[in-house]
Amino acid sequence: MKAIATVFALALAAAPGWAQCHRLAEVNATSPEGQLLQKAGLEEDPAKKLALQEEFAAQYPQHEAAGWVDEQLLNAYVKANEADKALAVGDKLAGMPPECVEDAQQTLKAAEMKKDPDLVLKWSNKTAELAQKVVASPQPKEADEVENWKARVDYARQVNTYTEYSLYAMALQSADPKKQSMLIEALQQRNPKSEYLAKAIDTLFVAYQKAGETDKAVDLAQRTAASGTPSEEMLLILTQDAAKKKDGAKVHSYSAKLVEVMSAKPKPEGIADADWTKRKNAILLYAYSTNGEQYFNEGKLAPADQELRKALPLVEENATVKPEVLFYLGLSNYKMEKAQDAYNFFRACAALKSPFQAQATKNLTAIRTQYHGIK
């Protein structure tokens with residue numbers, strides 16, 4: 001019985017203060033399985049101990065000590081970065097009760113080693129399910145059990161938070177936008193207030209865009225804009241969507257917010273000054289020009305002129321937008337009876353090959369006819 005007691009003591013030492021998932025009951029040390037288990041328990045060399053435990057698991061899968069041995073194997077495999085073997089053991093323990101949350105987390109770590117989004121989702125869900133059951137467990141009535149219960153609950157809370165991090169981290173590592181959205185949506189469903197969800201929103205938005213799920217991207221951007229601080233990419237797609245739907249109020253709101261965000265945003269690390277300036281100017285150009293044209297279509301000429309003039313210094317690098325901005329500036333100023341300004345804008349537009357060139361040329365002739373002597 002002394003050898004049996006020694007092996008049992010090793011089991012308790014694996015997780016102090018935590019309820020054992022699989023307890024090692026007394027085993028007959030004179031039986032072949034008992035002798036093998038005793039030999040494994042006394043072996044000090046990790047590699048030899050592992051080999052003996054594997055031998056036991058293979059020869060006696062139905063033995064009452066098999067679950068305890070599987071736990072030892074699971075921990076050893078994870079420590080050795082043998083993900084496939086750890087996952088195989090985790091699957092054997094799939095029906096584990098809440099006190100096995102530590103085993104579930106170890107299997108989750110094995111899934112992370114594989115960098116497999118589906119496996120990470122599976123074991124994140126399983127681990128969270130067990131952890132939440134521990135957190136929800138009632139406080140024991142016996143006073144001498146309360147401290148251990150508090151420790152288990154605290155540990156389970158930490159594990160539950162880790163499962164959220166696991167989804168977030170795997171989403172960042174994945175190159176598949178469908179898998180990214182799958183993981184972050186699971187995180188969102190599990191805990192809408194997760195600290196990692198807030199960090200993952202931009203990744204989710206980009207994943208929707210890459211996957212061609214524009215409606216989901218717009219919906220996410222709208223919800224983010226209503227409750228937090230949307231990125232420039234979100235504001236850009238919201239402005240585009242509002243312009244497409246001819247929703248003037250939203251065009252004005254989103255484009256103004258886009259200008260505010262881009263004007264205040266510092267250059268991100270790792271981006272060359274020239275590249276950042278080019279990107280920033282392109283977004284500001286879109287915001288000013290879209291807002292200006294929307295004001296023009298609403299017959300609000302003064303704000304249209306104001307927004308389009310802000311766009312003018314930014315058009316030099318955009319041969320497509322430049323003639324359009326010049327044309328609408330010409331129209332706005334003509335309608336405000338600023339003939340010379342209108343003429344100058346139309347003249348600059350007529351000098352550029354574009355769909356606006358022919359009409360700009362006609363407008364020049366019309367202005368010269370109406371306002372004699374204008375040049």
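Tutor: Let's start with a term: a residue is buried when its relative accessible area is under 20%, and exposed when that area is over 50%. Keep in mind that we're looking at a predicted model.

Student: Okay, so which residues of α13 are buried?

Tutor: In α13, the buried set is Gly 248, Val 251, His 252, Tyr 254, Ser 255, Leu 258, Val 259, Val 261 and Met 262. In general, an α-helix has 3.6 residues a turn, so residues three or four places apart point the same way.

Student: And what do the buried residues of α13 pack against?

Tutor: They pack against three helices: α11 (214–227), α12 (232–244) and α14 (273–297). Packing here rests on contact, which means heavy atoms within 4.5 Å.

Student: How do you know that the span of helix α13 agrees with its number of residues?

Tutor: Helix α13 runs over residues 248–264, which is 17 residues. The expected span is 1.5 Å times one less than the number of residues, so α13 should cover 24 Å. The C-alpha atoms at its ends are 24 Å apart, so the two agree.

Student: What makes the span of α12 agree too?

Tutor: Run the recipe again: α12 has 13 residues and should span 18 Å, and its end C-alpha atoms are 18 Å apart, so it agrees. The buried residues of α12 are Glu 232, Met 234, Leu 235, Ile 237, Leu 238, Thr 239, Asp 241 and Ala 242. Those residues pack against α10, α11, α13 and α14.

Student: What is the phi of Lys 246, just after α12?

Tutor: Lys 246 takes a positive phi of about 55 degrees there, and it isn't a glycine. You'll find Lys 246 in the loop between α12 and α13.

Student: Why is Lys 246 called exposed?

Tutor: Its relative accessible area is 69%. The cut-off for exposed is over 50%, so Lys 246 is exposed.

Student: Which value does phi take in Lys 115?

Tutor: Phi of Lys 115 is near 55 degrees, again a positive value in a residue other than glycine. Lys 115 belongs to the loop between α6 (101–114) and α7 (117–135). With 53% relative accessibility, Lys 115 counts as exposed, since the bar is over 50%.

Student: Why is Lys 133 called partly exposed?

Tutor: Lys 133, in helix α7, has a relative accessible area of 44%. Partly exposed lies in between the two cut-offs, under 20% and over 50%, so that's the class Lys 133 gets. Its C-alpha atom is separated by 51 Å from that of Tyr 286, 153 residues apart along the chain.

Student: Now Ser 194: how do you know that it counts as buried?

Tutor: Its relative accessibility is 4%, and buried means under 20%, so Ser 194 is buried. Ser 194 sits in the loop between α9 (177–190) and α10.

Student: What makes the pairing of the Ser 194 and Glu 164 side chains a polar contact?

Tutor: The distance is 2.8 Å, and a polar contact needs a pair of N or O atoms within 3.5 Å, one able to donate a hydrogen and the other to accept it. The Ser 194 side chain also reaches the backbone nitrogen of Tyr 196, at 3.1 Å. Leaving out residues up to four places away in sequence, Ser 194 touches Glu 164 and Leu 187.

Student: What about the second largest pocket: how much space lies in it?

Tutor: About 200 Å³. It has 13 lining residues, and the closest to its centre are Leu 197, Ala 198, Ile 201, Thr 224 and Ser 227. The elements that give two or more residues to the lining are α10 (195–210) and α11, and α10 gives the largest share, five residues. By class, that lining has five nonpolar, five polar and three charged residues.

Student: Why is Ser 227 called exposed?

Tutor: Ser 227, in helix α11, has a relative accessible area of 67%. That clears the over 50% cut-off, so Ser 227 is exposed. Its side chain reaches the backbone oxygen of Arg 223 at 2.8 Å.

Note on methods:
Residues numbered from 1 in each chain as written. Predicted model: local features only at pLDDT ≥ 70, side-chain atom pairs only at ≥ 80, totals over all residues. Heavy atoms only, no water. Helix = DSSP H or I, 4+ residues; strand = E, 2+ residues; numbered from the N terminus. Buried < 20%, exposed > 50% of the residue type's maximum accessible area, 1.4 Å probe, protein only. 1 Å grid on protein atoms, 1.4 Å probe; cavity = no way out; pocket = protein on both sides within 12 Å on 5 of 7 lines; lining within 4 Å. Points joined across faces, edges and corners; volume = space filled by probe spheres on them. Nonpolar A, V, L, I, M, F, W, Y, C, P; charged D, E, K, R; others polar.
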